[in-house]
Amino acid sequence: MKIAIIGCGVIGAGWAARFLLNGFDVCVFDPSPEAADRMQRVLLYARASLPALYDRVLPPPGQLNYAPTTADAVTGADWVQESAPERLELKRALYAAIEPHLKDGAVLASSTSGFRPSELQKLCAAPERLIVAHPFNPVYLLPLVEIVGSDLTPAALKSHAAEILTSVGMHPLVLDREVDGFIGNRLQEAVWRETLWMVKDGIATTAQIDEAILHSFGLRWAQMGQFDSYRLGGGEAGIRHFLAQFGPSLAEPLTHLMDVPELDQALIERIAKQSDAQSNGRSIAQMEEARDASLVALIRALKAQRVGAGATVRTHEAGLTFGQDDEALVTTTRRVIPPTWTDANGHMNEAHYLEVASNATDALTESCGVTEEYIAAGRSHFTAESHIRYLSELHQGDEITVRTQVLFAQGKKTHLFHRILAPDGTLSATVEVMILHVDLATRAVCPPLPHVGAALERLAAAHATLPRPESAGNAIRDLRPKEVA
């Protein structure tokens, strides 16, 4: 499938990175001489962060190309994402250049955050073909995308768009009707408007406002939305009690509501000076890198709880396939080392080697039938023994690959040998694991169900033709000097 990105600013480049790292070929058109450099910078960040969300192999990256014209980018594309500046005349010219080359069945989507789809459709020769697919920055990490159409938009088109976006790990929110600002931006603007007033009135600085968000409801919102949060605020009586208790306060003049402060030069300078001081000398690049690292850690934490953005990643991950290399070893993990995995020495901490191996074991057994449903029905594998060898250092941002060899699989016992490979393919560590199949009700070892046992035995038979690892079966040797007879 070919993706065309028209406009390669922060949003367009983020779209390109999201599609590329999920295996789609992407063709970019942007007349700016800086577009290619901007694309490579965003792609660098995306490669260091998006795969770090997953414990399973993402598809091989697609091909990235740059087109000299809009027509060259769009021709043959299955999805065209327009992310041009928010000027109607500019978009009119772009749509005139896009539509003659848009193939049947292709999606034409705009990243606009300021125009209703009906406004953009008036600029098109075939208005029913255009939808809004409004993402959030960084597009390669934040999964939400608002899909919006007008009365002219076929429901099937919105459904088709949602399917494609789901396949690249996004969370499509299909709106029932168009509205200015959609959902996300209307909420953000309400908070933004009030923060501007507090700065203008001298009530709070930009740093104080951001601290209030970071240390309170900002944390809460990552895993629980406004209505669920207030439901809990009402205690056992729920949302009705909350509304009865706090609803009347909405009539009090706590906020400026729709009253907007004038962004005159004095207010702009005040905000800019406070924001500069708040950044504490950090560059935009440093702040973006820190933002992405924090988002990865947060989304991975939510992933364990199947909540919010973490649930989206987990669902996407469940559909990723397992690969085989030329030696028939199963590729059970490919991921990027996040900042939280490094220690005082600057390399990956030993605890995370075991975590990587545990994820690889889970991936292999799941591919053999030990699914969530299988475990819920009362059976699983427990680790009985493991042995790790550390052969070379691994660092933050390194993309590591785990290839697994099944040394033995029969009845209750399975013997695995995980090879952890550095980005250049060199062997960085090995983790040898013995797992036992267990009845979760009795906690006793028992044979797996036939389909799981057969799948593991097939892998063991296939891998029996490969050389046995030299270190297999080894443990730490006795370092004590031998007694002299």
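Glu317 is buried, with a relative accessible area of 11%. That residue is found in helix 14, and in this predicted model helix 14 is one of the elements that the buried residues of helix 13 pack against. Let's start with Glu317, move on to helix 13, and then visit a few loops.

**Glu317 and its surroundings**

- Leaving aside residues up to four places away in sequence, Glu317 touches Leu53, Tyr54, Asp55, Arg56 and Lys303.
- Lys303 belongs to helix 13, and Glu317 is among the helix 14 residues on the other side of the contact between these two helices.
- Glu317 counts as buried because its 11% falls under the 20% cut-off.

**Helix 13: length and buried side**

- Helix 13 covers residues 284-305, which makes 22 residues.
- At 1.5 Å a residue, helix 13 should span 32 Å, and its end C-alpha atoms are indeed 32 Å apart, so the two values agree.
- Which residues of helix 13 are buried? They are Glu288, Asp292, Leu295, Val296, Ile299, Arg300, Leu302 and Lys303.
- These residues cover an arc of only 160° around the axis, so they lie on the same side of helix 13.
- A handy rule helps here: an α-helix has 3.6 residues a turn, so residues three or four places apart point the same way.
- The partners of the buried residues of helix 13 are helix 2 (35-49), helix 14 (308-318), strand 10 (330-336) and helix 15 (350-367).

**How helix 13 meets helix 14**

- Two packed helices are described by the angle between their axes and the distance between the axes.
- For helix 13 and helix 14, the angle is about 70° and the axes are 7 Å apart.
- The two helices, 13 and 14, are therefore roughly perpendicular to each other.
- From helix 13, the residues in this contact are Ile299, Leu302, Lys303 and Ala304.
- From helix 14, they are Ala309, Gly310, Ala311, Val313, Arg314 and Glu317.
- Sorted by class, the contact of helix 13 with helix 14 has six nonpolar, one polar and three charged residues.

**Loops on either side of helix 13**

- Asn280 sits in the loop between helix 12 (265-279) and helix 13.
- The phi of Asn280 is near 55°, a positive value in a residue other than glycine.
- Is Asn280 buried or exposed? With 67% relative accessibility, Asn280 counts as exposed.
- Arg306 comes just after helix 13, in the loop that leads from helix 13 to helix 14.
- Arg306 is not a glycine, yet its phi is positive, at about 55°.
- Arg306 has 45% relative accessibility, so it counts as partly exposed.

**Two other loop residues**

- Where is Leu58? Its place is in the loop between helix 2 and strand 3 (64-66).
- Leu58 is buried, with a relative accessible area of 10%.
- Leu58 and Thr333 are 275 residues apart along the chain, but their C-alpha atoms are separated by 9.0 Å.
- Not counting residues up to four places away in sequence, Leu58 touches Leu21, Asn22, Leu50, Pro51, His316, Leu320 and Arg334.
- Pro138 lies in the loop between strand 6 (130-135) and strand 7 (144-148).
- What kind of peptide bond joins Asn137 and Pro138? It is a cis peptide bond, with omega about 0°.

Notes: Residues are numbered from 1 along each chain as its sequence is written. This is a predicted model: local features need pLDDT of at least 70, side-chain atom pairs count only at pLDDT 80 or more; totals for chains, interfaces and linings use all residues. Side-chain values use heavy atoms; hydrogens and water are left out. Helices (H or I, at least four residues) and strands (E, at least two) are DSSP runs, numbered from the N terminus. The expected span of a helix is 1.5 Å times one less than its number of residues. Buried means under 20% relative accessible area, exposed over 50%, partly exposed in between (1.4 Å probe, protein chains only). The arc is that of the directions from the helix axis to the C-beta atoms. Contact means heavy atoms within 4.5 Å. Axes are lines fitted to C-alpha atoms, for helices over the stretch in contact, and angles run from 0 to 180 degrees between N-to-C directions. Angles under 35 degrees count as roughly parallel, over 145 as roughly antiparallel, 65 to 115 as roughly perpendicular and the rest as oblique. Ala, Val, Leu, Ile, Met, Phe, Trp, Tyr, Cys and Pro count as nonpolar, Asp, Glu, Lys and Arg as charged, and the others, Gly among them, as polar.
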